[in-house]
Amino acid sequence: MKTIMISQESAAGSSPSQNFPLDQWYVAGFSSELQYKPIGRTFLNQKVVLYRAGDGKAAALEDRCCHKSLPLSCGTVEHGGIRCGYHGLLYGADGVCVEIPGQARIPPIAKVRAYHVAEKNHLIWIWMPKVAGGLPNMEVPTYAHHDNPMYQWGSGMYHYDAPWQLIHDNLLDLSHLGYVHLKTIGGDARLHMNTPTKVTADERRVKVVRYMPGSTPPPTYKAAWPFGDTCDRWQEIEFEPSHLSIWTGAIEPGRASMDDPGRGGLHLRGFHGITPETETSCHYFWSMASNRHPDMPETIGKVLQQIEFTFDEDRGVIEDQYKNMLEFGERATWMDIHCDAGANRARRILKKLVEQNSEAVAA
Ligand code: FES
Ligand SMILES: [Fe+2]
């Protein structure tokens, strides 16, 4: 793990990010994205430039030059830091300007906000504090499957024109598979809807588990593993405020106890980092790791191709859902059914965390 810790500002005050849980790590991108060019991205209404500093460490600054406000993401990365693409001010990873070309004196106000960044398991995480400059008060999340030699994995990202919680709703309720994803990971819709779902939760986590013995293997499973007519499927979803881990898979009927983590068969381990951009848009970073059947070496290639198609289907549904919510406005009320339990728990957790933002400012 590489991490930089920077404390630059300490003044409390309201944040443009008040509508989201703060004092949390959020996914800012994949390690592979950060090469030589800076990346401009908005997280929780804050414009940020991500780059890899000369020492190889990931860094993140406010995406605005303190001279005349050009985004720093329009600049270039060099050994000493990031250089603005307008008049060449150079900034270190702590946000402090270290060079003004043609001028010896660097005023103390020549600085921009710096963010704490950590790189772990091929993911770049950014700490979004309640108070500008606040230090991280929890460990960087771990996602060890990206570094597990048992798995091969691939990844992708989406920009969504929809609020982030609509993606949580989707991922915490996989009963939609039988209706949305029939061409890939779907299967019998009635079986999905009728399978008992176990939901457990604490103050920041939700776990949703379903076991479906005697399922018809859906197309992606058949493409990746030599299943016969039936298989025993599992779906284990773990939600945390900024990301979800979803372990789905299947094994030949009766070969293993469904709740045994050491069960064999086809494993599909999905990572889903969902980071709000604004109240009505978000970034969705996903990866899928899978094991390989000895007789089917192309497993991961086929899985990734079909998973990408699957996630495109989800995006279509969620963006259409949100457009319709906007068109119907106040009349777009919702009602709960049995499969909403996990998503509702997650929404309650996020609501409580957001309420804690204003408590922190008022204190
Ligand atoms: S706007 Fe950045 S150096 Fe002038
Ligand atoms: Fe889906």
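Four donors around a metal count as tetrahedral if all angles lie between 85 and 135 degrees, and as square planar if opposite donors are over 155 degrees apart and all others between 65 and 115; anything else is irregular. In this predicted model, the angles subtended by the four donor atoms around the iron ion (ligand 2) run from 59 to 150 degrees, so the arrangement is irregular. The donors are NE2 of His 176, NE2 of His 181 and two OD atoms of Asp 314. They lie at 2.1 to 2.2 Å. Along the sequence, the donor residues follow the spacing H-x4-H-x132-D. His 176 sits in the loop between H1 and helix H2 (177-180), and Asp 314 sits in helix H5, so this pair ties together parts 138 residues apart in sequence.

Helix H1 (residues 164-171) also packs on helix H5 (residues 299-328). Their axes are 10 Å apart, at an angle of about 130 degrees. The two helices are therefore oblique to each other. The crossing is right-handed. H1 contributes Leu 166, Ile 167 and Asn 170 to the contact. H5 contributes Asp 314, Ile 318, Gln 321, Tyr 322 and Met 325. Five of the contact residues are nonpolar, two are polar and one is charged. Asp 314 thus appears both in this contact and among the iron donors.

Definitions and conventions:
Residues are numbered from 1 along each chain as its sequence is written. Chains are lettered from A and ligands numbered from 1 in the order in which they are written. This is a predicted model: local features need pLDDT of at least 70, side-chain atom pairs count only at pLDDT 80 or more; totals for chains, interfaces and linings use all residues. Side-chain values use heavy atoms; hydrogens and water are left out. Axes are lines fitted to C-alpha atoms, for helices over the stretch in contact, and angles run from 0 to 180 degrees between N-to-C directions. Helices (H or I, at least four residues) and strands (E, at least two) are DSSP runs, numbered from the N terminus. Angles under 35 degrees count as roughly parallel, over 145 as roughly antiparallel, 65 to 115 as roughly perpendicular and the rest as oblique. A crossing is left-handed if the near helix is turned anticlockwise from the far one by less than a right angle, and right-handed if clockwise. Contact means heavy atoms within 4.5 Å. Ala, Val, Leu, Ile, Met, Phe, Trp, Tyr, Cys and Pro count as nonpolar, Asp, Glu, Lys and Arg as charged, and the others, Gly among them, as polar. Donors are N, O and S atoms within 2.8 Å of the metal (3.2 Å for Na, K and Ca); water is not among the atoms, so sites may look incomplete. Four donors count as tetrahedral if all angles lie between 85 and 135 degrees; four count as square planar and six as octahedral if opposite donors are over 155 degrees apart and all others between 65 and 115; anything else is irregular.
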